[in-house]
Amino acid sequence: SSKIRNLEGQCADDVAVLEDCMDFSLAKTISKIEEKLEKGGLPDCLDDDIMPSVGNEIGAEAQIRFLKAKLRVTQEELDNVVYDCRKKDDENQNLKSLLKDTEEENTRLQRTISMQHSQTEKYKMLSQEANKKSEGLQQEVIALEKVLW
């Protein structure tokens with residue numbers, strides 16, 4: 001019973017609880033089962049697949065020890081799942097942050113590309129104008145050379 005009190009005293013902040021199961025407590029459930037056992041009646045659930053087929057052949061205390069061990073294993077599995085979920089949540093947050101940074105970088109690069117494209121077009125136009133002017137000046141040079149000779 002001291003273990004049960006310790007279980008009741010532990011916080012379950014890291015466990016997701018459905019709204020309609022807020023009053024559920026494994027410690028309370030174990031306590032109820034122990035009370036039934038003390039009164040002499042075993043709960044019906046001991047006949048299901050939780051207990052092995054030899055469950056009817058072992059004593060009540062052995063069944064309680066078995067169920068408590070099973071509860072500890074289940075709690076450890078739950079703790080591992082909660083840990084994995086938190087780890088995945090952290091990884092998900094990191095990936096969301098990385099995605100946001102990447103999208104911002106992409107937007108910045110798109111603006112740079114657009115600006116460089118417009119500069120390229122501007123320099124093409126200036127180049128074409130300079131080529132036309134150069135051709136005009138070359139024609140003028142040819143004409144002046146003819147005049148001089």
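So, which residues of helix H3 are buried? They're Gln63, Ile64, Leu67, Leu71 and Val82. Keep in mind, as we go, that we're looking at a predicted model.

Let me stay with one of those for a moment. Leu71 sits in helix H3. Its relative accessible area is 17%, and the cut-off for buried is under 20%, so Leu71 makes the list. Now look along the chain to Ile30. Leu71 and Ile30 are 41 residues apart in sequence, and their C-alpha atoms are separated by 9.5 Å.

Okay, H3 itself. How many residues does this helix have? It has 89, running from residue 60 to residue 148. From the first C-alpha to the last, H3 reaches 127 Å. At 1.5 Å a residue you'd expect 132 Å, and the model comes close to that.

Let's step back to the whole protein. You'll find three helices here and zero strands. Reading from the N terminus, the order is simply α-α-α. The protein has 149 residues, and 11% of them count as buried. The accessible surface comes to about 13100 Å², with 54% of that belonging to carbon and sulfur atoms. And on contacts: if you take those between residues at least 6 apart in sequence, 41% join residues at least 24 apart.

Now, how confident is the predictor? Across the protein, the average pLDDT is 79, and 70% of the residues score at least 70. Which element has the highest mean pLDDT, and which the lowest? H3 comes out on top at 95, while helix H1, residues 2–9, is at the bottom with 42. Over residues 1–22, pLDDT stays under 50. For that stretch the model has 13 contacts beyond four places in sequence.

Last topic, charges. Side chains of opposite charge can pair when their charged atoms come close. So how many salt bridges do we get here? The count is two.

Take Glu105 and Arg108 to begin with. These two form a salt bridge, and the closest N and O atoms are 2.6 Å apart. Both residues lie in helix H3, three residues apart, which is about one turn of the helix. If you're wondering about the geometry, an α-helix has 3.6 residues a turn, so residues three or four places apart point the same way. Are these two buried or exposed? Glu105 has 34% relative accessibility, so it counts as partly exposed. Arg108 is partly exposed too, at 40%.

The other pair is Lys124 with Glu121. Here the closest N and O atoms of the salt bridge are 4.0 Å apart. Lys124 and Glu121 are separated by about one helical turn, because they're three residues apart in helix H3. As for accessibility, Lys124 has a relative accessible area of 47%, so that residue is partly exposed. Glu121 is partly exposed as well, with 36%.

So, to pull it together: three helices, no strands, with H3 having the highest mean pLDDT among the elements. H3 has its buried residues, Leu71 among them, and the Glu105–Arg108 salt bridge lies within H3 too. Okay, that's me done.

Note on methods:
Residues numbered from 1 in each chain as written. Predicted model: local features only at pLDDT ≥ 70, side-chain atom pairs only at ≥ 80, totals over all residues. Heavy atoms only, no water. Helix = DSSP H or I, 4+ residues; strand = E, 2+ residues; numbered from the N terminus. Expected span 1.5 Å × (residues − 1). Buried < 20%, exposed > 50% of the residue type's maximum accessible area, 1.4 Å probe, protein only. Salt bridge = Lys/Arg side-chain N within 4 Å of Asp/Glu carboxyl O. pLDDT = per-residue confidence, 0-100. Contact = heavy atoms within 4.5 Å. Areas by Shrake-Rupley, 256 points an atom, 1.4 Å probe, with all protein chains shown as cover.
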